[in-house]
Amino acid sequence: MSESDCLFCKIVAGEVPTDKVLENESALAFRDIDPAAPTHVLVIPKRHVASANELTPDDAAELAGMFQLIQGVAQQEGVAGGYRVVTNVGGPAGQSVLHLHFHVLGGRSLSWPPG
């Protein structure tokens with residue numbers, strides 16, 4: 001899949017509307033269209049990265065920026081006292097959009113194991 005075909009790249013470019021929650025220099029957070037919890041926000045890098053498998057040590061600063069945004073989402077959404085952060089890698093794990101994204105889930109009790 002090319003970046004021009006990537007749904008999340010189109011969201012970053014403003015070509016596809018979304019319910020934006022927060023944004024920083026390296027990442028964008030928006031509400032999931034099919035929430036699995038009362039709080040279900042996706043955090044994506046603004047740069048196209050297909051999955052966590054593509055991350056390298058050179059991505060450390062960008063990844064840190066994403067996790068700062070995740071913390072901000074948890075604070076803003078009132079779930080900082082307990083939330084889950086999940087990323088799926090590949091179709092068998094449930095990755096449906098080939099652009100790295102973290103699910104921030106909270107607002108209810110979350111069981112383990114998750115799936």
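Buried means under 20% relative accessible area, exposed means over 50%, and partly exposed is in between, with a 1.4 Å probe and protein chains only. Keep that in mind for the salt bridges.

First, the ground rules. This is a predicted model, where local features need pLDDT of at least 70, side-chain atom pairs count only at pLDDT 80 or more, and totals for chains, interfaces and linings use all residues. Residues are numbered from 1 along each chain as its sequence is written, and side-chain values use heavy atoms, with hydrogens and water left out.

Salt bridges, then. The term means a side-chain nitrogen of Lys or Arg within 4 Å of a carboxyl oxygen of Asp or Glu. The whole structure has six of them.

Take Lys20 and Glu23. Their closest N and O atoms are 2.7 Å apart. Glu23 counts as partly exposed because its relative accessible area is 40%. Lys20, at 48%, is partly exposed too.

Next, Asp19 and Arg31. Their side chains meet at 3.4 Å, N to O. This pair links distant parts of the chain: Asp19 sits in the loop between helix H1 (7–12) and E1, Arg31 in strand E2, 12 residues apart. Helices here are DSSP runs of H or I with at least four residues, strands are runs of E with at least two, and both are numbered from the N terminus. Asp19 is partly exposed at 43% relative accessibility. Arg31 is partly exposed at 30%. Glu77 comes in as well: Asp19, Arg31 and Glu77 form a network of salt bridges.

One more pair. Asp59 bridges to Arg47, with the closest N and O atoms 2.7 Å apart. Both residues lie in the loop between E3 and H2, 12 residues apart, and the pair links distant parts of the chain. Is Asp59 buried or exposed? Asp59 is buried, since its relative accessible area is 11%. Its partner Arg47 is partly exposed, at 41%.

On to helix H2, residues 60–77. How far apart are its end C-alpha atoms? They are 26 Å apart, which agrees with the 26 Å that its 18 residues should span at 1.5 Å a residue. The expected span is 1.5 Å times one less than the number of residues.

The buried residues of H2 are Glu62, Gly65, Met66, Leu69, Ile70, Val73 and Ala74. An α-helix has 3.6 residues a turn, so residues three or four places apart point the same way. The buried residues of H2 pack against five strands: E1 (20–23), E2 (27–31), E3 (39–45), E4 (83–86) and E5 (102–106). Contact means heavy atoms within 4.5 Å. Just after the helix, Gly78 has a positive phi of about 75°.

Now the empty space. On a 1 Å grid over the protein atoms alone, a cavity is a set of points where a 1.4 Å probe fits but cannot get out; a pocket is an open set with protein on both sides within 12 Å along at least five of seven lines; lining residues have an atom within 4 Å of a point. Points are joined across faces, edges and corners, and a volume is the space filled by probe spheres set on them.

The search finds one cavity of 30 Å³ or more. Its volume is about 30 Å³. Arg47 returns here, in a lining with Pro45, Val49, Leu55, Glu62, Leu63, Met66 and Leu100. H2 gives the most to that lining, with three residues. By class, the lining has six nonpolar, no polar and two charged residues. Nonpolar covers Ala, Val, Leu, Ile, Met, Phe, Trp, Tyr, Cys and Pro; charged covers Asp, Glu, Lys and Arg; the others, Gly among them, are polar.

Two pockets. The largest has a volume of about 340 Å³. Of its 15 lining residues, Ala36, Arg84, Val86, Leu105 and Pro114 lie nearest the centre. E4 and E5 are the elements that give two or more residues to this lining. The second largest pocket is about 250 Å³. Its lining has 17 residues, with Phe8, Asp32, Ile33, Leu42 and Val97 nearest the centre. Here H1 gives the most, three residues.

Last stop, the segment after E5. Gly107 is found there, and Gly107 touches Pro38 and Val79, leaving aside residues up to four places away in sequence. Pro113 is in that segment too. The peptide bond from Trp112 to Pro113 is cis, omega near 0°. Most peptide bonds are trans.
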